[in-house]
Amino acid sequence: MQTLRTPDDRFDDVPDFPYAPSYCEVPDDEGGSLRVAWVEDGPREADPVLLLHGEPTWSYLYRKMIPVLVEAGHRVICPDLVGFGRSDKPTRIEDHSYARHVEWMRALAFDVLDLRDVTLVGQDWGGLIGLRLAAEHPERFARLVVANTGLPNGEQPMAKVWWQFREAIQTMPDLRVSLFVQGAARQQVSEEVLAGYDAPFPGDEYCAGPRAMPGLVPTSPDDPAAAANKAAWSKLAVSPTPMLVAFSDADPITGPMAEVFRREMRGAQGIEHPIIRGAGHFLQEDAGEELARHIVEFLRR
C-alpha cells in the first residue's frame with residue numbers, strides 16, 4: 001500500500017493543541033504496516049475515554065473536550081484515523097474500506113494499547129467505527145457516548161444534504177477540509193483554527209481518506225458493510241452497556257438518529273440525554289466544553 005506522511009512541521013503552529021503525539025504500527029491488510037498516531041492525557045491508571053473523530057477532521061476536533069475530561073480525573077486517548085491527522089495516508093481511494101478502518105482502530109485500541117473498561121465517545125465516522133468495535137468486542141467497553149452519528153445499514157434513506165456533501169468532497173478539485181468544517185459548524189471558526197484543520201493535508205495527494213469516507217457509508221442493503229452494521233445494531237440494541245445520546249439540535253445529517261438511539265437501545269433507557277443547543281454537526285467545535293461536561297456527569301453516574 002502506497003502512503004504519504006504529513007511533515008511534522010505542518011503541526012507546529014496548530015493553536016490550542018499542546019499534546020505530543022504517540023505512534024504505533026498496525027498491519028495495513030496488504031502485508032505492510034501503517035503508522036497510526038494518537039494523543040493522550042490524564043492518569044494512566046484511570047479507565048480510558050476513547051475519543052474517535054470523523055470525516056474530514058482529526059483529533060484536533062476534541063481539543064476543547066480533552067482538558068475537561070482530564071480535570072475530572074479521566075485518561076483520554078484520541079487517535080487520528082488512518083488517512084487523517086498525523087496518521088499515515090494511503091494514497092488511493094480504493095485502499096480505504098469500512099472493514100479496514102474498523103480493524104485499524106481495533107488494532108490500536110486493543111492490540112497496542114490493550115484498553116479495557118473503555119468509554120467510547122463517537123461522532124460522525126467515530127461512531128460508525130466505534131459502535132462496530134463496541135458490538136464486536138463488548139467485553140472491552142463499559143460505557144458508550146453517541147454524538148451526531150449513526151450505524152447505517154443501507155436500509156435508511158440518507159438526507160439530501162449528505163448526498164450534496166458527498167458529491168462536493170469527492171469532486172472538489174483542490175480539497176480544503178476546513179471549508180466543510182466551517183460549513184457544518186454553527187459558530188464562526190477562526191482562521192487559525194481552520195488552518196489547524198487543514199494542517200494534515202498539505203496537498204490534494206494527501207486527501208484520499210477524506211474523499212473516500214462518504215463512499216464507504218452503506219447506502220443500499222447490498223453494500224459490503226451493510227450486513228456487519230445490521231448485526232452490530234442488533235447486538236447493541238439488547239446490550240446493557242450504558243449509552244448516553246448527546247446530539248446537537250442543528251445537525252441535518254444525523255439529527256434524526258438521536259430519537260432512534262434513545263428509543264431502541266437498551267443501554268439508553270433510564271438515562272437523561274442532553275440536547276446540545278446552538279451546535280451543528282461538529283458539536284465538539286461549537287460546544288465542546290458543554291459536551292465534555294455532560295460526559296463527565298454521565299461517568300459520575
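These are my notebook entries on a predicted model, taken up topic by topic.

**Entry 1: the largest pocket**

I began with the largest pocket, for which the computed volume is about 730 Å³. Its lining is made up of 31 residues, and those that lie nearest the centre are M158, W162, I253, T254 and H281. I then looked up which elements give two or more residues to this lining, and I noted α3 (125-136), α4 (160-171), α5 (177-183) and α9 (257-264). The largest share comes from α4, which gives 3 residues. As for the character of the lining, I recorded 22 nonpolar residues, 7 polar ones and 2 charged ones.

**Entry 2: the annotated span**

In UniProt I found an unreviewed entry that lists residues 48-162 as "domain: AB hydrolase-1". In the model, the C-alpha atoms at the two ends of residues 48-162 are 32 Å apart, and I noted that the span is 31% helix and 22% strand. W162, where the listed span ends, is also among the residues that lie nearest the centre of the largest pocket.

**Entry 3: T119 in β7**

Is T119 buried or exposed? I found T119 in strand β7, which runs over residues 118-123, and its relative accessible area is 1%, so I entered it as buried, the cut-off being under 20%. The side chain of T119 makes a polar contact of 3.2 Å with the side chain of R143. With neighbours within four places in sequence set aside, I listed P48, V49, L50, R143, V145 and L299 as the contacts of T119. R143 and V145 belong to residues 141-147, the range given for β8, while P48, V49 and L50 fall in β4 (48-52).

**Entry 4: R75 in β5**

What does the side chain of R75 pair with? R75 is in strand β5, residues 75-79, and I noted it as buried because its relative accessible area is 7%, which is under 20%. Its side chain joins that of E40 through a polar contact of 2.6 Å. Beyond residues up to four places away in sequence, R75 touches E40, D41, G42, P43, R44, A46, D47, P48, V49 and L115. Among these, P48 and V49 also appear in the list I made for T119.

**Entry 5: backbone features**

Next I went through the backbone, starting with the peptide bond from E55 to P56, which is cis with omega near 0°. P56 sits in the loop between β4 (48-52) and α1 (66-71).

I then looked up two aspartates on either side of β7. D114 has a phi near 50°, which is a positive value in a residue other than glycine, and its place is in the loop between α2 (98-112) and β7. D124 is likewise not a glycine and has a positive phi of about 55°; I found it in the loop between β7 and α3. Which of the two classes, buried or partly exposed, applies to D124? At 13% relative accessibility D124 counts as buried, whereas D114, at 39%, counts as partly exposed.

**Entry 6: the start of the chain**

M1 lies in the segment before β1 (3-4), and with 27% relative accessibility I entered it as partly exposed. Not counting residues up to four places away in sequence, M1 touches D28, E30, L34, P90, D95, R100 and W104. R100 and W104 fall within α2 (98-112). For a distance across the model, I took M1 and W163, which are 162 residues apart in sequence and 29 Å apart in space from C-alpha to C-alpha.

**Entry 7: two exposed prolines**

Where do P157 and P240 lie? I found P157 in the loop between β8 (141-147) and α4, and P240 in the loop between α8 (226-237) and β9 (243-245). P157 counts as exposed because its relative accessibility of 77% is over 50%, and P240 is likewise exposed, with a relative accessible area of 55%.

I also noted one C-alpha distance for each. P157 and T219 are 62 residues apart along the chain, and their C-alpha atoms are separated by 7.3 Å. P240 and A142 are 98 residues apart in sequence, with 9.6 Å between their C-alpha atoms. With neighbours within four places in sequence left aside, P240 is in contact with R266 and G267.

Terms used
Residues numbered from 1 in each chain as written. Predicted model: local features only at pLDDT ≥ 70, side-chain atom pairs only at ≥ 80, totals over all residues. Heavy atoms only, no water. 1 Å grid on protein atoms, 1.4 Å probe; cavity = no way out; pocket = protein on both sides within 12 Å on 5 of 7 lines; lining within 4 Å. Points joined across faces, edges and corners; volume = space filled by probe spheres on them. Helix = DSSP H or I, 4+ residues; strand = E, 2+ residues; numbered from the N terminus. Nonpolar A, V, L, I, M, F, W, Y, C, P; charged D, E, K, R; others polar. UniProt positions renumbered as here; feature names shortened; annotations may be inferred. Buried < 20%, exposed > 50% of the residue type's maximum accessible area, 1.4 Å probe, protein only. Polar contact = N/O pair within 3.5 Å; in protein donor to acceptor, adjacent residues only side chain to side chain. Contact = heavy atoms within 4.5 Å.
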